[in-house]
Amino acid sequence: MRPRIAIVNSSSFGLYFPEHLDRLAALGEVRRFEFPSNVEGRELARALQGFPILIVSVSPRFGPEFFAHKDETWLIARHGIGVDNIHLPSATAHGVLVTRVTPWMEQDAVAEMTVALLLTILRRIPEAAAAVREGRWAERAAFVGWDLRGKTVGLIGFGNIGSRVGEILRHGFQARVLAYDPYVPPEAIRGGGAEPVDLDTLLREADILSLHAALTEENFHMLSHEAFAKMKPGVILVNTARGELIDEAALIAALESGRVAGAALDVVEGEPIGSDHPLLRFPNVLIVPHIAAYTYETLRRMGAKVISDVERVLRGEIPEEVVNPEVLPHARARKRGAPLVDGSSVL
């Protein structure tokens, strides 16, 4: 019997490269699902009964309740890098392999988008472009922006994406780059052309703040009222990481006070958001719908990686980028009952 494969909330998968869907269809029965981001775990598990292979997006959340009520699941393949919407301990406890896209595949696209958003907000491009469309060319003197060259940029997170952003800003714009990342050794940060600093120093000295941290329980709402109070008046904020890193109420207060002069966000807490979202009332806030990785080159690579994960599991092989490797002694592929792991040894 052919396995059933669910594509969950990943609208970009196969959209531009239909051959990806063809490859999946050769492996099993494929069906797309769209759920609200806040769907309950029990309901999600019920809807996905009978689908042992899941290809998933940044939402919904696959929490403990989902795994407690889901029938047999062999693989959750994340069509992206972050796995914060998957409760890994529960996946491991239920013998579910979780994979992600290899980080370098998104590196350039997300880093370039970060710089594009930063330049767009610095030069007030959306406001100026809107003025032309509305016949207000004569108001061009109102749209004075800022240079990027020579500014102090603070990067929260200096891993795959943050280090590339730092490289572009340092060498392309001669910016001073500060980096806070407790998981990267100071010498590695210096080797990447940035100055390692603690978070308080970064918040105090940065003219521009850019977020590149993975979301964890520890850094949820790390940009709080207290954090914004430490920033320079007129700071520019860019976020292409996770919306939940920012306390929305604190950001709104900082925008109202002028502490934040502008914000460019690819991600927002609770996304997707509607047109009535309170941040959209600020003309100096630019929000795009989580598209930083959306280039043709990146989507081609991401789709191929996810398909490779499915193929390998069905052949009884270990896919690349397993984020819960401790599950391997207990996980099993289901192609003619072939074990993914022979006894307790990894193939």
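## Aromatic pairs in this model

Counting rings whose centres lie within 6.5 Å, we get 5 aromatic pairs here. Keep in mind that this is a predicted model. Two of the places to look are the Tyr16–Tyr296 contact and the cluster that holds Phe33.

**Tyr16 and Tyr296**

- These two tyrosines meet edge-to-face, with 5.4 Å from centre to centre and 85° between the planes.
- Tyr16 comes from the loop between β1 (4-8) and α1 (18-25), while Tyr296 belongs to helix α12 (residues 296-314), so the pair ties together parts that sit 280 residues apart in sequence.
- On the accessibility side, Tyr16 has a relative value of 43%, which makes it partly exposed.
- Tyr296 has a relative accessible area of 55%, so it goes down as exposed, the cut-off for that label being over 50%.

**Phe33 and Phe35**

- The Phe33 and Phe35 rings are stacked, because their planes are at 5° and anything under 30 degrees counts as stacked; their centres are 5.7 Å apart.
- Phe33 is buried, at 9% relative accessibility.
- Phe35 is buried too, with a relative accessible area of 14%; the label applies under 20%.

**Phe51 and its surroundings**

- Phe51 joins Phe33 and Phe35 in a cluster linked by ring pairs.
- Phe51 also has a charge for company: the charged end of Arg4 sits over its ring, 4.1 Å from the ring centre.

Note on methods: Residues are numbered from 1 along each chain as its sequence is written. This is a predicted model: local features need pLDDT of at least 70, side-chain atom pairs count only at pLDDT 80 or more; totals for chains, interfaces and linings use all residues. Side-chain values use heavy atoms; hydrogens and water are left out. Rings of Phe, Tyr and Trp (its six-membered ring) pair if their centres lie within 6.5 Å; planes under 30 degrees apart count as stacked, over 60 as edge-to-face and the rest as tilted. Helices (H or I, at least four residues) and strands (E, at least two) are DSSP runs, numbered from the N terminus. Buried means under 20% relative accessible area, exposed over 50%, partly exposed in between (1.4 Å probe, protein chains only). A charge sits over a ring if NZ of Lys or CZ of Arg is within 6 Å of the ring centre and within 35 degrees of the ring normal.
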